[in-house]
Amino acid sequence: MAVSTTTATVTNSTSSEAPPSLLHQPKSVWAVAFASVIAFMGIGLVDPILKPIGEQLDATPSQVSLLFTSYMLVTGVAMLITGVVSSRIGAKKTLLTGLAVIVVFAALAGSSGTIGQIVGFRAGWGLGNALFIATALAAIVGAASGGVARAIILYEAALGIGIAVGPLVGGVLGNISWRAPFFGVAALMAVAFILIVVMLPAAPKPEHRTSIAAPFLALRHRGLLTVAITALLYNYGFFTLLAYTPFPLDMGTYSIGFIFFGWGLALAVASVFLAPRLQRRFGTLPMMMVALALFALDLAMMAAFTDNKTVLVVGVVLAGLFLGVNNTLITETVMISAPVERSTASAAYSFVRFVGGAAAPWVAGKLGESNIHMPFWVGAVCTAAAIIVLATGRKVLAHVDEHDPEPHSVAEALAVTAADAD
């Protein structure tokens, strides 16, 4: 990715000047951020239509949950090739390829006649998602004004808004037909495709190509491996909440959509506003452990009172706050956890966490068919295990709390851009 001309022309700031506003970004950043919102909508879009799909296609909860599993599994594995692809065709073409793949497979999913077809097309959707989101993070970090921390906050905000709006769109369109949300995403992704074509400047191809072995080699660094395993474990709890909760809630598409909209909204607010403040006051690693502990307790509460829909609704929304804080802090930690290229670190981390998350929906659905409480208990235990793993790596991650998350100057932004070009 070439150095953004917008970034390059910004006047150097000094320590006495106020940092640029988070909202003061180049148009190219907003184009990628908008597309990111639509891409992340795909994660929670199917929540309100899980039961209708199961009822109309005569599928069990575990079969329906494979919509998440195939999507996440392919996304995780495909993360390994994102650096290989983008280093050969460039960031813009990689983003557009990912968007095009999502448009095609989302439309095919909406045209499906069996649960097996939807699961398969969701897998193709996951491939496009991987190509897009891995490159989108690098694109936003490289082109955004205000340094790494603010770029990550913007990215996490897009994630939160996308996850929040996804269930809402799924609920509204799903009330018409379970097919409508898939066609809706295809249409919105087509709009995002056009915006990227028009607004994101063409960049020269990277000077050298990334090896497919690079993410595996990056995981030899204890710090990155520790963070990745931590994410794998808490992602199990994350996707148990996302994929399984609609079944014990047993509500209509509108209700499920609004409940998970509240969850995603809480996640976005926590990512953008709470996480930076808590990080400055308590430190990155301590705050991550607290957020994970609260999420584990939240899942345990939902496990103990699964029969109480009020408890489930409150638990879902509260989880958004805890996950929002943790998502922002762990994303920043990945970027500085090992002396490797940012794109490589992101690919390695995403591979491990998405593959871990892929197991949760199917396992939760299977467990829930015999005991409705068990999926949440297992999610709580996995999240608690994530805290233990993170604690064992405190020594190798000590430099994370020494890193100042606040941006200082354009020189830092240019350094970030240069790192993403590698």
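A crossing of two helices is left-handed if the near helix is turned anticlockwise from the far one by less than a right angle, and right-handed if clockwise.

**Entry 1: ground rules.** I noted that this is a predicted model, in which local features need pLDDT of at least 70, side-chain atom pairs count only at pLDDT 80 or more, and totals for chains, interfaces and linings use all residues. Residues are numbered from 1 along each chain as its sequence is written, and side-chain values use heavy atoms, with hydrogens and water left out.

**Entry 2: α6 and α9.** I looked up α6 (residues 91-110) and α9 (residues 180-199); helices are DSSP runs of H or I, at least four residues, numbered from the N terminus. Their axes come within 8 Å and cross at roughly 160 degrees. The axes are lines fitted to C-alpha atoms over the stretch in contact, and angles run from 0 to 180 degrees between N-to-C directions. α6 and α9 are therefore roughly antiparallel (an angle over 145 degrees). Their crossing is left-handed. The contact (heavy atoms within 4.5 Å) includes Leu96, Leu99 and Val103 of α6 and Phe182, Met189 and Phe193 of α9. I sorted the contact residues by class: 18 are nonpolar, one is polar and one is charged. Here Ala, Val, Leu, Ile, Met, Phe, Trp, Tyr, Cys and Pro count as nonpolar, Asp, Glu, Lys and Arg as charged, and the others, Gly among them, as polar.

**Entry 3: α14 and α17.** I turned to α14 (residues 284-304) and α17 (residues 374-392), whose axes come within 8 Å and cross at roughly 165 degrees. That makes α14 roughly antiparallel to α17. The crossing is left-handed. Among the residues in contact are Met288, Leu292 and Phe295 of α14, and Trp377, Thr383 and Ile387 of α17. The classes here are 20 nonpolar, two polar and no charged.

**Entry 4: α11 and α17.** I then checked α11 against α17 and found their axes 8 Å apart, at an angle of about 165 degrees. That makes α11 roughly antiparallel to α17. This crossing is left-handed. Arg222, Tyr234 and Tyr244 are among the α11 residues that meet α17, where the partners include Phe376, Cys382 and Val389. I counted 13 nonpolar, seven polar and one charged residues in this contact.

**Entry 5: cavities.** I looked for cavities (sets of points on a 1 Å grid over the protein atoms alone where a 1.4 Å probe fits but cannot get out). There are three of 30 Å³ or more. The largest has about 290 Å³ of space. It is lined by 24 residues, and Leu159, Thr331, Tyr349, Arg353 and Phe354 are the closest to its centre. Helices that each supply at least two lining residues include α2 (27-44), α8 (147-174) and α16 (342-368). The lining has 17 nonpolar, five polar and two charged residues.

Technical notes. Parallel < 35°, antiparallel > 145°, perpendicular 65-115°, else oblique. 1 Å grid on protein atoms, 1.4 Å probe; cavity = no way out; pocket = protein on both sides within 12 Å on 5 of 7 lines; lining within 4 Å. Points joined across faces, edges and corners; volume = space filled by probe spheres on them.
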